[in-house]
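Trainee: I am new to this structure and would like a close look at a single part. Could you walk me through the place where the two chains meet?

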Amino acid sequence: MKLGITDRSRLLLETVGIIVLFLIPPAIYATPYRLYLLHILILAMIYAVFGQSWNILAGYAGQVSLGHEVLLGTGAYASALLVYFYHMDPWLTLIASAAMAIVTGMALGAVTFKLRGFYFALATLAFAEMVRLIILAWSGVTRGAEGVPVPVPQPVNMFGFIIDFKSKFSWYYITLVFMIIAFYLTYKLTRSKYGLLFRSVREDEDAAASLGVNTFKLKMLAMLVSAAFAGIAGGLYANYMGYIDPAWEAGGVLSPFTGLDALVIGIVGGMGTVIGPIIGSLVRVGLGEYLRAYIGVAAGFDIFTFGAIVVAVVLVLPTGIWGYIDEKLLRGGVG
Amino acid sequence: MLDVSDIDVFYGDLQALWGVSLKVEKGEIVALVGSNGAGKTTTLRTISGLLHPRSGSVHFLDKRIDGIPPHKIVEEGVVQVPEGRRLFPQMTVKENLELGAYTKEAWEKRFDTIEWVYTLFPRLKEREKQLAGTMSGGERQMLAVGRALMSKPKLLMLDEPSLGLAPILVMQVFDAVKKIYEEGVSILLVEQNVQKALSIADRGYVLENGRIVLEDIGEGLLNNPHVKKAYLGI
């Protein structure tokens, strides 16, 4: 079945989708699992922004980064250290998160964008690990392996709403607003001239260059937007979780497994689609948690099952879950 | 308008061009012919700024362009249609055309320019929403030329536009080249199809082993005994 989709029905769908997202917390208020559910959704939304960050660079501009955790991690560290040492307002530190990730991203781009394909991917992997080791070793500034506790900020009065940072309900709406902004900006960017140019670089960099496209500059632009998103996701993550460290193991903000999460979210959701990363992160965080809760009793079995599901999705739906829906059901109308 | 003067070009230690000089005047079709490996594509790549001459110079409209990056050369008005077409197969015909209008000036006028390209190649309008990769060889070549025209070039360089095309499509491509020429765009045409290229060219150069060995008006080269023997087989 194919549905044609017009701009008006798309707008309607999006509006309904956003309203539903805003109504989830009151809707689940009565369930005994509400805090756990909210926690999953908050993480899923932070990861959706992180996945979108990877998607802009890899899905649209074609630069498949295997070290994307470096942008999330430096963003998280910028915010956490400023809050911990200088007791700065967490809102302000998010700007530092974005700035720090952008600086890191620009450095990464400057040294790796001369490389293509596998070589680029390998270089990002190495770069990210180098940064992790620097943060681990530079304990005078970063507290090294001890990690950084991030104290819960004082409640804030914003336009009459009291934002209590101890409450998961507050965090739900904070992350929701950031996610909507990030996705809206992605939509605008990918529908602009730059979206077209990013895709041309992804398809054939030499052909793009022969048309006069400054491909290095474009890749740096994709990196800049990507880094800003990942940095803010990192800042939100640090303040929400209240603690970050430079551990290599899964779960650390600078862990290579975190970088792989970005790939899983982007690929499973649908590379080069705007909605994909939300679907991907719901799968990654939601399904991951579900499996852990129900079959994680036998150590590692949940991870095994999750891996098998990812492989199955990629085999059956090579353009990802949203890529499939968009192509087959919506005729590429939403993206 | 284009003045290539005595360029030596190397791939590493290997010298590919030896003192190549050629000129394209405004409103001319100039053919650069020669066999495989003679250095035709190398010459175009040097003009496009993808390769840099070790000595000699390239001027366009009295401005020196060797040594400036490729995208700046496009902005000066020199555009190459690369061999093998280099389209974006997963993008639509229209998106491919829009990408040709990358420079700021061209981008603002892209809708008018697309209409102009559609009048030159009506087939492209019919296929507007189709993915470039799903079109026939001839259509893809039309699209590659159309895309190059989107930047409103002053000089269009075509690298083997007839390569791999059936004879009927070769005719179509050469007709299109003539049409573009009639629209006032100067053309530098690189071809292995020596007969066809020289018959539409005002002037031609013959390149052998990285050196220009002959230069004459198109007809003159067609009647040249060496060209006849080496390239036309008569």
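Mentor: Happy to; here is the side of chain A that touches chain B, followed by a little about chain A itself. This is a predicted model, in which local features need pLDDT of at least 70 and side-chain atom pairs count only at pLDDT 80 or more, while totals for chains, interfaces and linings use all residues. Residues are numbered from 1 along each chain as its sequence is written, and chains are lettered from A and ligands numbered from 1 in the order in which they are written.

Where the chains meet, 14 residues of chain A are in contact with 19 residues of chain B (contact: C-beta atoms, placed from the backbone, within 7 Å). Two or more residues come from each of helix 8 (193-203) and helix 9 (205-210) of chain A (helices are DSSP runs of H or I, at least four residues, and strands are runs of E, at least two, numbered from the N terminus). Helix 8 of chain A gives the most to this side, with five residues. By type, the side of chain A divides into five nonpolar, four polar and five charged residues (nonpolar: Ala, Val, Leu, Ile, Met, Phe, Trp, Tyr, Cys and Pro; charged: Asp, Glu, Lys and Arg; polar: the others, Gly among them).

As for the chain that carries this side, chain A has 14 helices and four strands. Its C-alpha atoms fill a box of roughly 50 × 50 × 45 Å, taken along the principal axes. Among contacts in chain A between residues at least 6 apart in sequence, 73% join residues at least 24 apart.

Terms used. Two residues are in contact if their C-beta atoms, placed from the backbone, lie within 7 Å.
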